[in-house]
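Me: I'm new to this one, and I'd like a close look at a single part instead of a quick tour of everything. Could you pick one stretch, go through it slowly, and then show me how the rest is laid out around it?

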Amino acid sequence: MPETRDTAAPGGSALDHLGVRLHDGVGTLRVWSQNATSVELVVFDATDVDWVIDQASLERLPGGVWEVTTPLLQPGTRYAIRVGGPHGPGNTFNPETLLLDPYARGLAQGDGYEEWRSVVIVDGFDWGESQKPRIPLDRTVIYEGHVKGLTKRHPDIPPALHGTYAGLAHPAMIEYLHALGVTSIELLPVHAFVPEPRLLERGLTNYWGYNTLNFFTPHTAYATEEARKMGPEAILAEFKGMVRLLHEAGLEVILDVVYNHTSEEGIGGPRSSFRGIDNASYYRQDRSGAYIDTTGCGNTVDTSVDAGARLVLDSLRYWAQEMQIDGFRFDLATAIARDASHSYTPEHPLLTAIANDPILSETKLIAEPWDVGLGGWQTGNFPDGWHEWNDRYRDRVRNFWLSDIDYARRASAPVGIGGFATRLAGSSNTFADERGPLASINFVTAHDGFTLHDLVSYDVKHNEANGEHNRDGADTNRAFNHGIEGPTDDPSILAARRKAMRNLLGTLLLSAGIPMITAGDEVGRTQRGNNNAYAQDSAMTWLSWDDEPWQTDLRAHVERLTRLRNENPALRPSRYARLGEHIPNASVMDWFNQNGETMESDQWTDPGNRTLQYVAASTPDREPANRILLIVHGTESPIDVTLPETLEDATRFVSLWSSAEDRPSEVSEVFAPGDVLPIAGTSMRLFRVE
């Protein structure tokens, strides 16, 4: 597929066609380095990437671009570059170091940790009739998972495909995802990455993949052994084949992308590409050359420089167009939107270029809206068109169902239900009116932090396996072990934990916004209390697929909830309602107390009132109108709730789901306005209003 170019992109046309372009029997290599004094192409033997067979010098052109056109560059050519330049603050040139082309489409590894070579790739993949599913935002349910972890132990997938791109697209996996009711798979990083040397020294690895080596190549280790033996083109074809099969099944593929830093770490770390090409330009630093690290990973890519921003933009275009990716989740997104003064700005040229790009503007753009630098927390402050991981939602929901209950056992509940209700209804206090509730990516857990099971089973982290004396990972988790730390066979504690998981999943899938489920939470997967399992490539982090009956029951709840979300548009508004106005695709909300009376202002903040009835009426312009009633009860004592009698045209309430049930009931009970219902402690119940 031809690449789309936009002269409004950072750097303009001067930065077009970086990397290798094959034409007329030759290849043209273009590399950007503003401060270099020499750039050299080094070509290696096809079977021995340590054997140099030829070299060619690049010529400097305007705009800091270096270029050579040569017959040495052919499909499959293994190559590297050497870059020379001045010494001084910020510069780390060494004309003897072999470096990766930042725009390389393929990689080959030699014998050493840093011995990587770029590979010239010819793309001949046949996409057939495959099309991007383009799932509407309001119907999107994201499933965050790891390519290897999802299928490594799947009993119905052939062992040769375990933990691979091909395994993820196997019919058994597609069938599972369809049954679960998710629409979009968000994969932890699949850009080529390497483990940090410090992990290798401890006998560990980087499992999650947030340590990018190259932004244009899929990670080799996730390909099948057969594809790896055949080389980079086969690995690329396997990745594209995965995307094609998932698309044909109606499933979107979203990538977690790490453009904020690279695997070169801090000064003195590995030198594989950018540090040797133009350290002073590619990485944020002060006048002395000391890095300004807003990522906590040793370096920060400087997107205030045109070449840095353009690298990100070109990589995104490549994955969205050539690889047919449906969306991107930007790790530490604040870092890539900092200006030359290192301050976050929603008007950053990179964000503007992404929004204006004809391909990227049609993808799902998801920000992790923070980094570790000054002014890094920016939840709610990204531009229109972006969606954001909503940490405020996560924290409030955890508080309501877990830490508040823990506190109440020792005293009384510390807060009322008002803050929880705001999150349930779409976080209008966080996102601007024009962005609406779908700006919020709602989540309770993610890859980093406790799993859902561990969130209700541990009060504190247990990260000893990471080799950092339990110092790593978050200390504040808003978790509650329900009486015993970790594993137990106490039936009352197990019942309370499992109901808490149902409450958390029910809140997630019944809230306004876009829900994200962490893979394995639907079956209560545990990491034995490790809340930072980034270095654990083992059974601790892989899905087991050997479920106990209670886990099958929990998955049935998720399947029921995703189906109900799809069937009831009142649960998935795309706009905020406004009092006295008809807003299409909003949900008009009414709030009642346990007695069926309209909530009074003081009841929202009263810690003694943690029960409400939430009525949402849809105003769709593409679907039939719909109304739901959700009862939320946030104390451990049971309570009687009177269904409201003042809802206009409401004649009955049809029961759809209850978190109090171990397994979802197949019977739909019907109740009348004014009926009194016994509600179990800490539980939820959903009805359709007819």
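Reply: Let's start with a word we'll need a lot: a residue is buried when its relative accessible area is under 20%, exposed when it is over 50%, and partly exposed in between, using a 1.4 Å probe and protein chains only. This is a predicted model, so to speak of local features a pLDDT of at least 70 is needed, side-chain atom pairs count only at pLDDT 80 or more, and totals for chains, interfaces and linings use all residues. Residues are numbered from 1 along each chain as its sequence is written, and side-chain values use heavy atoms, with hydrogens and water left out.

D16 is a handy first try at the word. It sits in the segment before β1, and it counts as buried because its relative accessibility is 14%. D16 and L365 are 349 residues apart along the chain, and their C-alpha atoms are separated by 23 Å.

Now for the close look, which goes to strand β21. Strands here are DSSP runs of E with at least two residues, helices are runs of H or I with at least four, and both are numbered from the N terminus. β21 covers residues 611-618, and 8 of its 8 residues are buried. In a regular strand, side chains alternate between the two faces of the sheet. You can follow that in β21: T611, Q613, V615 and A617 point one way, L612, Y614, A616 and S618 point the other way, and all of them are buried.

What does β21 pair with? Two strands pair if DSSP finds at least two bridges between them. One partner is β20 (residues 587-592), which runs antiparallel to β21 and is joined to it by 6 bridges. Within that pairing, V588 has A617 of β21 as its bridge partner. Another partner is β22 (residues 627-633), again antiparallel, with 7 bridges. Here V615 of β21 stands opposite L629 in β22.

For a second sheet to set beside it, go to the beginning of the chain. There 4 strands make an open, antiparallel sheet in the order β1-β2-β6-β5. Its edge strands, β1 (19-23) and β5 (59-60), each pair on one side only. Inside it, β2 (residues 26-32) and β6 (residues 65-70) are antiparallel and share 6 bridges, and R30 has E67 in β6 as its bridge partner.

β2 also leads us to a helix. The buried residues of α7 pack against β2, β7 (78-84), β9 (91-92) and α8, where contact means heavy atoms within 4.5 Å. α7 runs over residues 274-282, and 8 of its 9 residues are buried; among them are F274, I277 and Y282.

The loops have their own points of interest. N211, in the loop between α4 (197-201) and α5 (225-230), is buried because its relative accessible area is 2%. Setting aside neighbours within four places in sequence, N211 touches F193, V194, P195, E196, N206, H261, T262 and S263.

Then look at a backbone angle. Most residues other than glycine have a negative phi. Q324 has a positive one, near 60°. Q324 lies in the loop between α8 (306-322) and β15 (327-330) and is buried, with a relative accessible area of 11%. N470 also has a positive phi, near 65°, and belongs to the loop between α13 (452-455) and α14 (491-510). At 22% relative accessibility, N470 counts as partly exposed.

Finally, step back to the whole chain. It holds 16 helices and 27 strands, and 61% of its 690 residues count as buried. Its C-alpha atoms fill a box of roughly 85 × 55 × 50 Å along the principal axes. The radius of gyration, taken over C-alpha atoms, can be set against a globule rule of 2.2 Å times the number of residues to the power 0.38. For 690 residues, a compact globule would come out near 26 Å, and the chain's 27 Å agrees. Of the contacts between residues at least 6 apart in sequence, 71% join residues at least 24 apart.
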